[in-house]
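Colleague: I'm new to reading structures. Could you walk me through one, feature by feature?

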Amino acid sequence: MDDKIIDCITKAVIKTFEEMAFIDAVYIGNEKQEINVSHLLSVDIIEPIKGCIVLFMPLECKKKLAENIYSKDFNLLSSEEIDDCQLELLNIIAGNFLFFYFGNSKYKLDLPHIIFNENELDFNNKYELFFAAEEVIFKVFLAI
Amino acid sequence: MEFKKIMIIDDSVTSRMIIKRCFLISGLSDSVFIEAEDGLHAASLLEKDKVDLIVTDINMPKMDGNNLIKKLKTKDEIKDIPIIVITSITNKTVEDELLSIGVKGIIKKPVSPEKIIKILGEING
């Protein structure tokens with residue numbers, strides 16, 4: 001395990017949740033926990049090295065994020081708005097991670113997207129980190 | 001400089017909503033906002049409609065922000081409209097590249113009213 005990677009992704013997640021959704025996220029470790037999700041949110045890192053960041057976000061966490069970002073009740077939001085705000089959150093997490101880890105190097109991200117099959121995440125050098133946001137646990141998968 | 005009509009270009013509907021909200025909070029509540037979801041859509045809208053400020057993301061499908069900016073800078077009727085980039089991917093290298101192609105200001109996402117006010121102040125210098 002690379003401590004710098006863990007430190008950078010942790011800082012990126014906490015900063016993005018706080019600045020974008022006004023939610024305090026806390027890193028709780030890498031001990032495996034069951035997270036129930038309907039689909040995964042993924043963004044590929046293209047430069048300077050290949051990799052990806054994937055969010056495993058339970059419905060309760062999605063609800064809180066979408067409501068805070070849109071300042072609207074969850075039931076009034078469209079499914080497009082709900083998915084899009086999670087993808088945008090991931091996009092910003094990825095941008096922050098790249099900045100913390102690679103500094104002023106040139107880097108490039110693909111567009112964030114939804115995936116349905118966890119088997120697509122077939123990487124050797126991977127990190128599975130768990131966070132809590134308002135007592136709901138979610139997972140960040142990082143491979144580089 | 002007055003920004004009566006502002007074009008916001010971002011493939012994320014959430015991001016466009018947040019940017020618009022930040023401009024409104026920043027005191028531009030009388031401005032009209034035109035939204036485009038990628039560079040190609042924006043270029044098409046700009047052929048018909050004149051705006052006072054262009055706010056664009058970089059990482060977008062169809063035509064990204066870099067190519068859009070380069071295209072706009074070749075058009076006499078558009079090249080002098082100030083452009084602000086709002087992106088999740090920024091550092092000194094990216095900022096230097098964007099400034100070299102004529103961008104007036106760069107904001108790192110997530111955008112806030114404070115960041116908008118600062119950039120508008122710099123543009124109006």
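Colleague: How many residues of chain B are in contact with chain A?

Modeller: This is a predicted model, and in it 21 residues of chain B touch 23 residues of chain A.

Colleague: And how do people put a size on an interface like that?

Modeller: The usual idea is that the size of an interface is often given as the accessible area lost when the parts come together. Here chains A and B bury about 1800 Å² between them, and 54% of that lies on carbon and sulfur atoms.

Colleague: How many salt bridges are there between chain B and chain A?

Modeller: The count is two. To spot one, look for a side-chain nitrogen of Lys or Arg within 4 Å of a carboxyl oxygen of Asp or Glu. Take Glu88(A) and Lys109(B): their closest N and O atoms are 2.8 Å apart, so the pair makes the cut.

Colleague: Which elements give two or more residues to chain B's side of the interface?

Modeller: Helix 1 (13–25) and helix 4 (92–100) of chain B do. Helix 1 of chain B gives the most, with six residues. Sorted by type, the residues on chain B's side come out as seven nonpolar, eight polar and six charged.

Colleague: Now the strands. How do strand 4 and strand 5 of chain B run?

Modeller: Strand 4 (residues 83–87) and strand 5 (residues 105–108) of chain B run parallel, joined by four bridges. To see one pairing, find Ile84(B), whose bridge partner in strand 5 is Gly105(B). Between these two strands the chain passes through helix 4 of chain B, and this β-α-β crossover is right-handed.

Colleague: What about backbone angles? What should I expect to see?

Modeller: As a rule, most residues other than glycine have a negative phi, and most peptide bonds are trans. Now for some cases that go the other way in this model.

Colleague: Which residues does a cis peptide bond join in chain A?

Modeller: Glu47(A) and Pro48(A), with omega about 5°. You'll find Pro48(A) in the loop between strand 2 (40–47) and strand 3 (51–56) of chain A. In chain B, a cis peptide bond joins Lys109(B) and Pro110(B), with omega about 0°. Pro110(B) is in the loop between strand 5 and helix 5 (113–124) of chain B. Lys109(B) also came up earlier, in the salt bridge with Glu88(A).

Colleague: And what is the phi of Glu134(A)?

Modeller: Near 50°, a positive value in a residue other than glycine. Look for Glu134(A) in the loop between strand 6 (126–133) and strand 7 (136–143) of chain A.

Note on methods. Residues numbered from 1 in each chain as written. Chains lettered and ligands numbered in written order. Predicted model: local features only at pLDDT ≥ 70, side-chain atom pairs only at ≥ 80, totals over all residues. Heavy atoms only, no water. Contact = heavy atoms within 4.5 Å. Buried area = accessible area lost by both parts, 1.4 Å probe. Nonpolar A, V, L, I, M, F, W, Y, C, P; charged D, E, K, R; others polar. Pairing = 2+ DSSP bridges. Right-handed = clockwise from strand over helix to strand, strands pointing away.
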